[in-house]
Amino acid sequence: MSETDRRPASNLPPLSLHIPEPRYRPGDTPDFGDIAVPAVDATPRPSEATKPDAMRDLCYGLVRVLDFDGQAKGQWDPKLSPERLRTMLRYMMLVRAFDDRMFRAQRQGKTSFYMKCTGEEATSVASTMALDRGDMCFPSYRQQGILIARDYPLIQMMNQIYSNRGDHLMGRQLPIMYSAPEHGFFSVSGNLATQYPQAVGWAMASASKGDSRIATVWCGEGSSAEGDFHSALTFATVYNAPVIFNVVNNQWAISSFSGFAGGERTTFAARAVGYGIAGLRIDGNDPLAVYAATQWAADRARTNNGPTLIEHFTYRSEGHSTSDDPTAYRPAEEPTIWPFGDPIARLRGHLETLAEWDGERHEAQRIELEDLVKTTQKQSEKLGILGHGMHQPFETMFQDVFEDMPWHLQEQCTQMLAEQEAKFGPDWKPE
């Protein structure tokens with residue numbers, strides 16, 4: 001190529017690279033006035049057997065059920081009983097109480113890490129309540145609400161966070177990376193979006209066996225840029241896998257906004273259009289909309305009408321994790337002016353509108369749940385916390401990788417136990 005060929009064409013403007021930038025940074029005054037808030041009845045509810053190409057508009061609208069006056073309206077209203085609504089509210093309040101207590105424990109040095117889901121409780125609790133208990137959930141790291149909505153013991157969750165001697169994972173997973181397959185909860189991975197192809201594979205296996213159980217999987221909007229996400233959607237499309245894809249669009253990754261995952265160009269639900277699967281974009285802070293959309297997608301999957309991608313349009317109120325300071329990259333006022341409010345407050349308002357709840361009962365339940373979490377925490381901490389010595393026998397680090405331990409690991413284990421006895425004495429045990 002000659003030097004002349006390398007020169008830009010003189011009759012064309014120079015190319016420029018677009019670098020996504022959030023609209024507001026610390027010190028700016030945020031304004032969400034440009035976000036369209038459609039009427040509750042603006043998004044029609046199609047049949048579960050509707051072809052994906054007839055549902056394109058649902059990827060760009062916003063499914064809503066709870067209006068801001070506390071009323072449930074429109075075609076998507078799942079018409080849940082007051083008792084069911086109170087159960088949903090209780091689970092979400094328990095998630096928040098658990099999060100607050102475990103966040104505090106990390107700040108006190110009792111564990112190394114924690115992640116809250118404040119403001120996003122509906123995306124896991126309401127979703128899970130719309131599923132069958134036999135369905136398999138493939139979570140990301142902010143779906144503790146799945147376990148709580150399936151009545152998983154709080155003390156088991158805390159034991160895992162502390163990696164203490166009650167941790168059934170024996171300290172082998174980072175805090176909050178739970179695993180409870182007996183409760184339909186697949187192991188959490190720190191490698192983002194790996195759960196997506198795993199969920200599709202599980203769903204394909206269920207279908208190939210003629211089972212009736214489906215899979216559902218969650219990731220954040222940032223993780224939807226991972227290759228695993230797109231591989232999973234391809235397989236789900238080709239094999240019509242009975243799976244629900246949940247993209248929790250909470251606007252922010254740890255320090256980068258949703259534009260870096262493509263959020264400037266279109267909605268995340270719109271990715272369903274390109275893959276030829278059903279897509280729904282919903283108000284993720286509306287527990288009834290989350291329930292209704294999940295129920296619709298589950299019915300669709302269970303009747304062999306294929307996968308669904310649901311974008312939960314929500315907001316991450318807290319930091320990404322205990323390692324994050326969101327005030328370094330976004331205005332502090334953003335969480336309070338998010339136009340779709342708080343999911344717990346909205347469900348509470350709906351129950352009060354129905355005369356099925358009141359402030360006194362709400363306060364009593366808040367205190368009850370906080371006391372429950374506090375009492376459970378004390379029980380868990382008796383089994384050990386961070387920095388208080390070893391909580392599992394040394395030899396467990398060699399176990400459970402191979403069905404039969406190979407000779408070289410047996411040799412290393414024997415050597416290590418001899419060194420342990422020489423250093424600590426024959427009667428040493430984990431604390």
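**Entry 1. Helix α3**

I began with helix α3 and listed its buried residues: E121, A122, T123, S124, V125, A126, S127, T128 and M129. Since 9 of the 9 residues of this helix, which spans 121-129, are buried, I recorded α3 as largely enclosed by the rest of the structure. I note here that the model I am reading is predicted.

**Entry 2. Domains**

I next looked up how the protein chain is divided. Domain 1 covers 52-381 and domain 2 covers 394-424. Taken over C-alpha atoms, the centres of the two domains are separated by 40 Å.

**Entry 3. The sheet**

I then turned to the strands. In general, strands of a sheet pair through backbone hydrogen bonds, and the pairing may be parallel or antiparallel. In this structure I found an open sheet of 5 strands, and its pairing is parallel. Reading across the sheet, I wrote down the order β1-β2-β3-β5-β4. Which strands lie at the edges? They are β1 (136-138) and β4 (278-283), each of which pairs on one side only. From one strand to the next, the twist averages 20°.

**Entry 4. Strand β5 and its partners**

I chose β5 for a longer look. This strand runs through residues 308-313. On one side I looked up β3, residues 243-249, which pairs with β5 in the parallel sense over 6 bridges. Within this region, N249 has F313 of β5 as its bridge partner. I also looked up β4, which pairs with β5 in the parallel sense over 6 bridges. Here the bridge partner of A278 is T308 in β5.

Are the residues of β5 buried or exposed? I found that 6 of the 6 are buried, so the strand is largely enclosed by the rest of the structure. I then sorted the residues by direction. T308, I310 and H312 point one way from β5, whereas L309, E311 and F313 point the other way. Both sets are buried.

**Entry 5. Residue Q251**

Q251 lies in the loop between β3 and α8, the latter being residues 271-275. Its relative accessible area is 14%, and because buried means under 20%, I entered Q251 as buried. I also looked up its separation from S127, one of the buried residues of α3. The C-alpha atoms of Q251 and S127 are separated by 19 Å, and the two residues are 124 residues apart along the chain.

**Entry 6. Pockets**

I went on to the open spaces. In general, empty space is shown by rolling a probe the size of a water molecule over the atoms. The largest pocket holds about 670 Å³ of space. Which residues lie nearest its centre? Of the 30 residues that line this pocket, they are D34, I35, Q251, S258 and F313. Two of these names appear in my earlier entries: Q251 from the loop between β3 and α8, and F313 from β5. By class, I counted the lining of the largest pocket as 14 nonpolar, 7 polar and 9 charged residues.

The second largest pocket has a volume of about 260 Å³. Its lining has 19 residues, and those closest to the centre are Y141, G220, G222, S223 and H320. This lining divides into 7 nonpolar, 7 polar and 5 charged residues.

**Entry 7. The cavity**

How many cavities of 30 Å³ or more does a search of the whole structure find? The search finds 1. The largest cavity has a volume of about 40 Å³. I listed its lining as P139, S140, Y141, R142, Q143, Q144, I176, Y178, F185 and V188. Y141 is thus in the lining of the cavity, and Y141 is also among the residues closest to the centre of the second largest pocket. By class, the cavity lining has 6 nonpolar, 3 polar and 1 charged residues.

**Entry 8. Two residues with positive phi**

Last, I looked up backbone angles at two loop residues. K79 is not a glycine, yet it has a positive phi of about 55°. I placed K79 in the loop between α1 (3-6) and α2 (82-107). Its relative accessibility is 66%, and because exposed means over 50%, K79 counts as exposed.

N304 is likewise not a glycine, and its phi is positive at about 60°. N304 sits in the loop between α9 (287-302) and β5 (308-313). At 63% relative accessibility, N304 counts as exposed, whereas the residues of β5 are buried.

Note on methods. Residues are numbered from 1 along each chain as its sequence is written. This is a predicted model: local features need pLDDT of at least 70, side-chain atom pairs count only at pLDDT 80 or more; totals for chains, interfaces and linings use all residues. Side-chain values use heavy atoms; hydrogens and water are left out. On a 1 Å grid over the protein atoms alone, a cavity is a set of points where a 1.4 Å probe fits but cannot get out, and a pocket is an open set with protein on both sides within 12 Å along at least five of seven lines; lining residues have an atom within 4 Å of a point. Grid points are joined across faces, edges and corners, and a volume is the space filled by probe spheres set on the points. Ala, Val, Leu, Ile, Met, Phe, Trp, Tyr, Cys and Pro count as nonpolar, Asp, Glu, Lys and Arg as charged, and the others, Gly among them, as polar. Buried means under 20% relative accessible area, exposed over 50%, partly exposed in between (1.4 Å probe, protein chains only). Helices (H or I, at least four residues) and strands (E, at least two) are DSSP runs, numbered from the N terminus. Domain bounds come from an automatic or database domain assignment. Two strands pair if DSSP finds at least two bridges between them. Axes are lines fitted to C-alpha atoms, for helices over the stretch in contact, and angles run from 0 to 180 degrees between N-to-C directions.
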